[in-house]
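Reader: I am in my first year of study and would like to learn how to read a protein structure. May I put some questions to you about the one shown here?

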Amino acid sequence: MSSMTGAEAMVRMLQLHGVRHIFGLCGDTSLPFYDALARLDHGIQHILTRDERSAAYMADGYARVSGRAGVCEGPSGGGATYLLPGIVEANESSIAVLGITTDISTTSRGRYTLTELDQEALYRPLTKRTEVIDRADRLPEAVRRAFRAMATGRPGAAHLGLPFDVQNSAVPEHAVWAEADLGAYPARRARPDADLIEQAAIALTSASLPVFVCGGGVVIADAMEELDGLASMLGAPVATTVSGRGSLPDDHPLCLGVVGSNGGTPATREVLAQADLVVFVGCRAGSVTTERWRYPAQGTPVIHIDADPMVPGAIYKTGIAIVADAKLALRALRDALMLPQQAGGARLVAEAKQKKFSAFRELASRDDVPILPERVVATLNEVLPRDATVVCDPGTPCPYFSAYYEFREAGRYFVSNRAHGALGYSMAAALGAHYGRPHTKTVSVMGDGSFGFTAGELETLVRLKAPVMMVVFSNSTYGWIKAGQKAGFDQRYFSVDFSRTDHARVAEAFGVKAYKVERTEQLKPALVAAAEHGGPALVDVVAQPLHEARAPVSEWVA
Ligand SMILES: Cc1ncc(C[n+]2csc(CCOP(=O)(O)OP(=O)(O)O)c2C)c(N)n1
């Protein structure tokens, strides 16, 4: 019987699932795995990172824009703990990410071996599936289980632990096979119940103003066309969560934009408040989207479509709960509707947008120093190509780009880590997104707090010559928290300010093309030059601090 090593089998199993990129960082327990990657012919590019947190964010960014599982890896001990933030973000955001951590030998357990920890216990609450592979002959089925867990039902993250001795043990070749459909997600989609679709179609036809609230699930399920068809037939406004941006293009007459406390505005909230039927699609209706469960008001009739059976009914009394894939459910609903309705959504959407954008445009036209965030968003919107992907960190970027950046394509062109909102996500996620969609422009927008978390990856961007553009809102404070102290704690500012860093000079020292912008007349030329630069480029914008800005944020505590 012919065989290969566990490390070789892992490489082959990834290859068979269509993996083309692995983001990771080396360690002693990973040596056999790295050696297999070095020796075998597999077509997988290994992207060496400077921090495992970044590796996981890269895998996440890659998976979000490509619809394929993202893979990251790190060694035992510190590598396993550093990979966690990205794994949990992906899991809670329903993104298929596989984290591989190598581990000490099974025979060294319990002997105070350097880096020993219970990896399964560590990853269990944070993933759909975790497994430390104790027997090499079971490695292929463990990898298949991980891909099945990531791609089916509600997608999410999985973890595999790969002990050192297992990497060197024999795996029979006949066990090494994969079901290639599991490399993309969602796979094996659940169809909706026909009776519930009929009931929902009746409810939609009877409502005078149905309003959709779409979460990330619509784009994940690639249900944009079906949503457009259904909403257009009804004349119903389509609101989204932050992660749901791209469910419709922003210039669609029914696209209301973001609702909720982070990126929602009074004008978008007013439309939602008028709904006599709310249809949540691929959306958890969590604290941010519903402004702490207040909009829509409790008691509003609700239809909820979600792949996860635990979601509908969690927050709102739900008349019709459809547990199914968003694409299949929306298509079935559209087919079940007999005649086009006219809910007048387009007029309401146009009025709301007029209100929302008139205040924005006034601020965006000002030449204030420090530069207003509105000016940065508006100028980037002018400068970037229509299919650019914008990856935003928390702080100033997320609410501003959620509310005001106009994405003209349907699909995943806006990426933000909305499950946990950890600082320092966007630079790495943007690099991953670049590999997921290499022929379009990718932009990371961060606060200076986030820059401090992730600056080491500037070297990665330079080494890879990745044409990722970065914009830093430099305000020398953890502005979001300062804004919370202003709004809820009587302006008792405590331990939120830090000193100003010259981010452009830091970036230059790494070899990044960089621009420092302090006045509005410098802004557009710098953004144009950075966007056109063929390698990594950073624009450091000295910006109005968030606590002084008119941010589209209704609650600073989510
Ligand atoms: C890892 C992590 N720690 C703490 C927080 C809490 N937090 C949310 S926003 C924020 C401030 C962000 O500061 P910065 O990146 O400078 O952006 P600004 O708000 O100033 O625009 C902090 C500390 C977080 N989101 N992530």
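Reader: How many salt bridges does the count come to?

Author: The model is a predicted one. Side chains of opposite charge can pair when their charged atoms come close. With a salt bridge taken as a side-chain nitrogen of Lys or Arg within 4 Å of a carboxyl oxygen of Asp or Glu, the count comes to 35.

Reader: Arginine 64 and glutamate 89 meet in a salt bridge; how many residues apart are they?

Author: The nitrogen-to-oxygen distance between these two side chains is 3.4 Å. Arginine 64 belongs to helix α3 (residues 52-66) and glutamate 89 to helix α4 (residues 78-92). The pair therefore links distant parts of the chain, and the separation is 25 residues.

Reader: Is glutamate 89 buried or exposed?

Author: Buried means under 20% relative accessible area. Arginine 64 has 8%, so it falls under that limit. Glutamate 89 has 2% relative accessibility and therefore counts as buried.

Reader: Which parts of the structure are tied together by the pair of arginine 145 and glutamate 131?

Author: Arginine 145 and glutamate 131 form a salt bridge, with their closest N and O atoms 2.7 Å apart. The two residues are 14 apart in sequence, so the pair ties together helix α6 (residues 139-151) and strand β6 (residues 129-132).

Reader: Which of these two partners is buried, glutamate 131 or arginine 145?

Author: Arginine 145 has a relative accessible area of 24%, so it is partly exposed. The other partner is at 12% relative accessibility, so the buried residue is glutamate 131.

Reader: Which residues are linked with Glu131 and Arg145 in a network of salt bridges?

Author: The pair of arginine 145 and glutamate 131 is a salt bridge. It belongs to a network of salt bridges. The residues linked with Glu131 and Arg145 there are Arg129 and Glu141.

Reader: What is the relative accessibility of lysine 355, which forms a salt bridge with glutamate 270?

Author: The closest N and O atoms of this pair are 2.8 Å apart. The pair links distant parts of the chain, with glutamate 270 in helix α11 (residues 266-273) and lysine 355 in helix α13 (residues 345-364), 85 residues apart. Glutamate 270 is partly exposed, with a relative accessible area of 39%. Lysine 355 also counts as partly exposed, because its relative accessibility is 49%.

Reader: Which element gives the largest share of the shell around the ligand?

Author: There are 17 residues around the ligand, and those that come nearest are Thr396, Gly421, Gly449, Gly479 and Trp480. Two or more residues of the shell come from each of α17 (448-454) and α19. The largest share is four residues, and it comes from α17.

Reader: Which residue has a polar side-chain atom 2.5 Å from an oxygen atom of the ligand?

Author: A backbone N or O atom of glycine 479 lies 2.8 Å from a ligand oxygen. For aspartate 448, a polar side-chain atom is 2.9 Å from an oxygen of the ligand. The residue with a polar side-chain atom at 2.5 Å is threonine 396.

Reader: What percentage of the area that the ligand exposes when taken alone does the protein bury?

Author: The contacts with ligand oxygen atoms include that of threonine 396. Taken alone, the ligand exposes 580 Å². Of that area, the protein buries 77%.

Reader: Which residues make a nonpolar surface patch with Ile481?

Author: Isoleucine 481 is located in helix α19 (residues 479-488). It is partly exposed, because its relative accessibility is 48%. The patch has an area of about 270 Å². Its other members are Phe453 and Tyr478.

Reader: Which side chain is joined to that of threonine 102 by a polar contact?

Author: Threonine 102 is part of strand β5 (residues 97-103). Its relative accessible area is 1%, so it is buried. Among the residues it touches, leaving aside those up to four places away in sequence, are Phe33, Pro75 and Leu162. The polar contact, at 2.8 Å, is with threonine 29.

Reader: Which residue caps the N-terminal end of α12?

Author: Helix α12 covers residues 326-336, and its buried residues include Ala326, Lys327 and Leu328. At the N-terminal end, a side-chain oxygen lies 3.1 Å from the backbone nitrogen of lysine 327. That oxygen belongs to the capping residue, aspartate 325.

Terms used: Residues numbered from 1 in each chain as written. Predicted model: local features only at pLDDT ≥ 70, side-chain atom pairs only at ≥ 80, totals over all residues. Heavy atoms only, no water. Patch = residues over 30% accessible without salt bridge, like charges linked within 9 Å, V, L, I, M, F, W, Y side chains within 5 Å. Areas by Shrake-Rupley, 256 points an atom, 1.4 Å probe, with all protein chains shown as cover. Buried < 20%, exposed > 50% of the residue type's maximum accessible area, 1.4 Å probe, protein only. Near = heavy atom within 4 Å. Polar contact = N/O pair within 3.5 Å; in protein donor to acceptor, adjacent residues only side chain to side chain. Contact = heavy atoms within 4.5 Å.
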